[in-house]
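Student: Could you take me through the places where oppositely charged side chains pair up? I'd like to see where each partner sits and how open to the outside it is.

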Amino acid sequence: MTSSPAARFDAPDHRFASSLSADEFKALFRGHPGGVAVITADAGDGPVALTATSVSSVSADPPLLIFSISTLSSASDVLSRAETIVVHLLDAHDLDVARLGATSGVDRFADSDQWSRLVTGEPVYHDVRAWVRCAVIGRMDAGSSTVIAAHALQSQVARDVTPGEPGDALVYHNRTWHRLGEHSRIES
């Protein structure tokens, strides 16, 4: 996965007579919930953070994940250069961190009690459900976004979820935060 011109997925494909508009595409995914993560990085000129619902595991062996970021994001420049990142996998107890990463125009690192740096230098938020430090292994331009692939190097789980239990998962659905729990369980 590279940023070479051959890896771009935004060139028009003339085999398709038409495609969905941006509004139609947004409406489609508004009804598809996503887990919530905050991604942090520092490429040498200060830490950045953003909230993402596009984080997905790709492989357990080797441990790989992917996510996408809008090229319009204030963090996109740093994330396009950072060699390592920290992905914070949030639950409902981390809603303030999720909101912070999603709020434009604020200093996401103003509260020095809320975060610190790992010994390797990456910014990490305290007391979140889990975080994973990753090495970026590839970037691919895709329309107005960049897809980033990362190899998991180190992690910490503060609040584990028992297999088969709902936990307190935080999801984003239809422009709103939601908590999954026992009340939302559907028996099979």
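**Salt bridges and some local details**

Tutor: Let's start with the count: the structure holds 8 salt bridges, a salt bridge being a side-chain nitrogen of Lys or Arg within 4 Å of a carboxyl oxygen of Asp or Glu. Side chains of opposite charge can pair when their charged atoms come close. Bear in mind that this is a predicted model, where local features need pLDDT of at least 70 and side-chain atom pairs count only at pLDDT 80 or more, while totals for chains, interfaces and linings use all residues. Residues are numbered from 1 along each chain as its sequence is written, and side-chain values use heavy atoms, with hydrogens and water left out.

Find R117 and D42 to begin with. They form a salt bridge whose closest N and O atoms are 2.8 Å apart. R117 belongs to strand β7 (residues 115–117), while D42 is in the loop between β2 (37–41) and β3, so this pair ties together parts that are 75 residues apart in sequence. Those element names come from DSSP runs numbered from the N terminus: helices are H or I with at least four residues, strands are E with at least two. How open are the two partners? R117 has a relative accessible area of 39%, so it counts as partly exposed. D42 is partly exposed too, with 22%. The cut-offs are simple: buried means under 20% relative accessible area, exposed means over 50%, and partly exposed is in between (1.4 Å probe, protein chains only).

Next, look at D45 and R81. Their side chains meet in a salt bridge of 3.0 Å, N to O. D45 is in the loop between β2 and β3 and R81 is in helix α2 (residues 76–81), so the bridge ties together parts that are 36 residues apart in sequence. D45 counts as exposed because its relative accessibility is 53%. R81, on the other hand, has a value of 38%, so it's partly exposed.

Now move along to R179 and D168, where the side chains form a salt bridge at 3.5 Å, N to O. This one links distant parts of the chain: R179 is in strand β12 (residues 176–179), D168 is in the loop between β10 (145–157) and β11, and they are 11 residues apart. R179 has a relative accessible area of 43%, so it is partly exposed. D168 is partly exposed as well, at 26%. There's also a small network to trace: D45, D77 and R81 are joined by salt bridges that share partners.

While you have the model open, here are some other spots to click on. In helix α1 you'll find F25. F25 has a relative accessibility of 45%, so it counts as partly exposed. F25 also belongs to a nonpolar patch on the surface, along with L20, L28 and F29, and together they have about 420 Å² of accessible area. Patches take residues with over 30% relative accessible area and no salt bridge, joining like charges within 9 Å and nonpolar side chains (Val, Leu, Ile, Met, Phe, Trp, Tyr) within 5 Å. The areas come from the Shrake-Rupley method with a 1.4 Å probe, and for residues only the protein chains shown count as cover.

For a contrast in cover, try Y125, which lies in strand β8 (residues 123–125). Its relative accessible area is 2%, so Y125 is buried. From Y125 to D113 you step 12 residues in sequence and cross 9.1 Å in space, C-alpha to C-alpha.

Let's finish with the backbone. D61 and P62 are joined by a cis peptide bond, with omega at about 5°. P62 sits in the loop between β4 (56–60) and β5. Then there's D127, whose phi is near 60°, a positive value in a residue other than glycine. You'll spot D127 in the loop between β8 and β9 (130–142). With a relative accessible area of 67%, D127 is exposed. N174 also has a positive phi without being glycine, near 50°. That residue, N174, is in the loop between β11 and β12, and its 43% relative accessibility makes it partly exposed.
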